[in-house]
Amino acid sequence: MEGTIVKALSGFYYVSCNEQVYECKARGKFRLDGTSPLVGDRVSFAVDGNEKGYIEKVFDRKNSFIRPAVANIDSLVFVAANTNPITDPFLIDRVSVIAEEAACELVVCINKIDIDPADELYDIYTRSGFKTLRTSAQTGEGISQLKAELSGKICAFTGNSGVGKSSILNSIVPSFNIEVAAVSAKLGRGKHTTRHVELYDIGNGTFIADTPGFASFEIEMMQTIEKQELQHDFREFKKYIGECRFNDCAHLKEPGCAITEALQRGDIMLSRYQSYKRLYELSAQNNFWETK
């Protein structure tokens with residue numbers, strides 16, 4: 001039989017197949033070759049007479065992440081808000097780079113629009129070429145559009161705590177009843193209520209993951225990106241790459257830079273360019289390229 005791992009907990013893997021979930025263990029061969037099945041993996045498995053299964057094979061992955069341990073993500077949904085807590089665009093831009101590196105789509109979901117429509121955030125990411133949706137988990141506005149956007153995909157939700165990730169999941173499928181914690185008015189952030197990675201099967205081949213450990217989600221992957229390659233992870237830069245006066249242009253202060261000229265014309269959003277500069281400096285500090 002073949003299915004998708006929807007949860008991994010205490011050495012057991014829960015595989016969804018034909019609207020049924022089977023509890024499985026991994027064969028010993030996975031320990032021998034140093035690989036482990038991940039949530040999101042497509043696998044083949046065998047079931048014994050007690051409805052207990054054993055994973056036989058993990059099929060090739062589209063992508064994978066270390067923390068959270070999840071694979072084959074088609075869309076990363078970054079949930080943002082412009083009210084308690086206010087999302088810093090730099091957080092979105094870091095995840096957008098990870099999405100580009102992992103060859104998956106980034107969807108920007110601006111929540112809590114019943115309080116603040118976040119026009120500036122919406123403008124930044126629509127003009128930068130990202131699918132950008134506005135929702136309210138409180139009123140239900142935009143939830144049907146978000147659900148349609150995710151149809152047939154394996155999706156991971158991320159974003160700073162308190163923006164309403166779990167509330168949105170509960171709005172998409174009320175039967176989930178995922179634990180939601182209140183936002184601290186003093187600190188301006190929520191207590192993250194998700195404790196493990198789990199895919200929620202909402203039908204029609206659509207799986208949604210709520211992922212714990214937002215900070216660790218991007219740190220390790222960011223450390224492997226060479227500063228020279230970072231320009232390719234900003235989609236609005238791509239049509240200008242190769243048009244600069246100097247072949248090794250870093251798009252910082254060099255004369256004849258096609259990207260900074262596009263910035264001055266308003267064709268590249270200032271906050272996106274500022275994020276590029278910050279990430280370039282962080283990548284340069286890692287000196288990753290010197291260790292090869």
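Is Lys62 buried, partly exposed or exposed? With a relative accessibility of 43%, Lys62 counts as partly exposed, because the partly exposed class runs between 20% and 50%. Keep in mind as we go that this is a predicted model.

Let's stay with Lys62 for a moment. Its side chain meets that of Asp74 in a salt bridge, at 3.2 Å from N to O. Lys62 sits in the loop between β5 and β6, while Asp74 sits in the loop between β7 and β8, so this contact ties together parts that are 12 residues apart in sequence. Asp74 is partly exposed too, with a relative accessible area of 25%.

That bridge is one of 14 salt bridges in the structure. Another brings together the side chains of Glu23 and Lys52, at 2.7 Å from N to O. Here the partners belong to strands: Glu23 is in β3 and Lys52 is in β5, so the bridge ties together parts 29 residues apart in sequence. Glu23 is partly exposed at 22%, and Lys52 counts as partly exposed at 40%.

Strand β3 also brings us to the aromatic residues. A search of the whole structure finds 7 aromatic pairs. In one of them, the rings of Tyr22 and Phe45 have their centres 5.4 Å apart and their planes at 50°, so the pair is tilted. Tyr22 lies in strand β3 (residues 20-26) and Phe45 in strand β4 (residues 42-47), so the pair ties together parts that are 23 residues apart in sequence. Both rings belong to buried residues: Tyr22 has a relative accessibility of 9%, and Phe45 has 2%.

A second pair, Phe234 with Tyr276, is edge-to-face, with 5.6 Å from centre to centre and 90° between the planes. This pair links distant parts of the chain, 42 residues apart: Phe234 is in the loop between α6 and α7, and Tyr276 is in helix α8 (residues 270-286). Phe234 is buried at 0% relative accessibility, and Tyr276 is buried at 1%. Ring pairs also link Phe234 and Tyr276 with Phe237, Tyr273 and Tyr280 into a cluster.

Now turn to helix α2, which covers residues 89-101. Its 13 residues should span 18 Å at 1.5 Å a residue, and its end C-alpha atoms are 19 Å apart, which agrees. The buried residues of α2 include Phe90, Leu91, Ile92 and Asp93. Phe90 has a charged neighbour, since Arg278 lies over the face of its ring at 3.6 Å from the ring centre. Asp93 is joined with Glu236 and Arg272 into one network by salt bridges that share partners.

Further along α2, the side chain of Glu100 meets that of Arg235 in a salt bridge, at 3.5 Å from N to O. Because Arg235 lies in the loop between α6 and α7 and Glu100 in helix α2, the pair ties together parts that are 135 residues apart in sequence. Arg235 counts as partly exposed at 30%, and so does Glu100 at 21%. Following α2 comes Ala103, with a positive phi near 55°.

Our last stop is helix α3 (residues 119-127), where Leu121, Ile124 and Tyr125 are buried. Seen down the axis of α3, these buried residues fall within an arc of 80°, so they line one face of the helix. After α3 comes Gly129, whose phi is positive, near 95°.

Terms used
Residues are numbered from 1 along each chain as its sequence is written. This is a predicted model: local features need pLDDT of at least 70, side-chain atom pairs count only at pLDDT 80 or more; totals for chains, interfaces and linings use all residues. Side-chain values use heavy atoms; hydrogens and water are left out. Helices (H or I, at least four residues) and strands (E, at least two) are DSSP runs, numbered from the N terminus. The expected span of a helix is 1.5 Å times one less than its number of residues. Buried means under 20% relative accessible area, exposed over 50%, partly exposed in between (1.4 Å probe, protein chains only). The arc is that of the directions from the helix axis to the C-beta atoms. Rings of Phe, Tyr and Trp (its six-membered ring) pair if their centres lie within 6.5 Å; planes under 30 degrees apart count as stacked, over 60 as edge-to-face and the rest as tilted. A charge sits over a ring if NZ of Lys or CZ of Arg is within 6 Å of the ring centre and within 35 degrees of the ring normal. A salt bridge is a side-chain nitrogen of Lys or Arg within 4 Å of a carboxyl oxygen of Asp or Glu.
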